[in-house]
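Work through the following exercises on charged side chains with the structure open beside you, and try each task before you read its solution.

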Amino acid sequence: MLTISCSINDRPYELTIDPRASLLDMLRDQGLTSVKQGCGMGECGACTVLVDDVAVNACLYLATWVHGKRIRTVEGEVKNGQLSPVQQAYVDAGAVQCGFCTPGLIMTTTAFVEACRDKFRNPEDITPEDIRRAHAGNLCRCTGYDTIVQAVRQSLGQPASAQDLTKSSPP
Ligand code: FES
Ligand code: FES
């Protein structure tokens with residue numbers, strides 16, 4: 001066992017963990033059950049969280065690697081009882097069916113929107129194809145991809161496009 005320090009959703013943690021533990025197991029052991037285990041092998045994205053604002057697959061990420069780092073999960077995106085703009089966009093677009101993929105998708109979208117903002121990308125220049133490529137690591141078994149793209153567009157400040165509703169391929 002070894003002890004690590006990290007921040008999870010802006011709260012400091014000191015945790016004694018098995019050095020073989022995944023970040024997925026560590027977070028779920030802390031009650032953060034939004035972090036889902038789907039495939040457990042880096043294929044589905046259901047376990048996506050942010051480490052220092054970068055989206056990672058928590059099932060493939062050793063818990064020891066987060067020592068000194070900042071972790072964000074979907075639970076922490078709610079501030080003062082208010083959904084984040086990305087969370088609200090998923091609600092508004094009706095982009096949630098069974099919801100299993102949703103926490104991971106929301107964290108991928110959050111990282112994508114923040115990276116676009118940090119790079120001063122003009123939201124109007126970001127195409128649905130850019131969005132689909134950026135979310136290609138997140139699979140939705142309910143296949144609600146059109147509304148997911150709409151949610152990302154709303155998160156970027158783009159108007160919803162009728163074109164999104166004509167596509168059914170994965171992001
Ligand atoms: S559970 Fe981690 S990518 Fe599927
Ligand atoms: S909403 Fe069911 S897996 Fe995506």
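A salt bridge is counted when a side-chain nitrogen of Lys or Arg lies within 4 Å of a carboxyl oxygen of Asp or Glu. The model is a predicted one, and it holds ten salt bridges.

**Exercise 1.** Decide whether the side chains of glutamate 77 and arginine 72 meet the criterion, and state whether the two residues are buried or exposed.

Solution. First, take the distance from N to O, which is 3.2 Å for glutamate 77 and arginine 72. Next, compare this with the cut-off: the pair counts as a salt bridge because the nitrogen must lie within 4 Å of the carboxyl oxygen. Finally, look at accessibility, where both glutamate 77 and arginine 72 turn out to be buried.

**Exercise 2.** Find which elements are linked by the salt bridge between arginine 132 and aspartate 146.

Solution. Begin with the contact itself, a salt bridge with an N to O distance of 3.4 Å between arginine 132 and aspartate 146. Then place the partners: arginine 132 belongs to helix 4 (residues 128-134) and aspartate 146 to helix 5 (residues 145-155), so that the pair, 14 residues apart, links distant parts of the chain. Arginine 132 and aspartate 146 are both buried.

**Exercise 3.** Explain why arginine 70, which forms a salt bridge with aspartate 10, counts as partly exposed.

Solution. The side chains of aspartate 10 and arginine 70 meet at 3.6 Å, N to O. Aspartate 10 sits in the loop between strand 1 and strand 2, whereas arginine 70 lies in strand 5, 60 residues apart. Arginine 70 counts as partly exposed because its relative accessibility is 30%, and this class lies between under 20% for buried and over 50% for exposed.

Key: Residues numbered from 1 in each chain as written. Chains lettered and ligands numbered in written order. Predicted model: local features only at pLDDT ≥ 70, side-chain atom pairs only at ≥ 80, totals over all residues. Heavy atoms only, no water. Helix = DSSP H or I, 4+ residues; strand = E, 2+ residues; numbered from the N terminus. Buried < 20%, exposed > 50% of the residue type's maximum accessible area, 1.4 Å probe, protein only.
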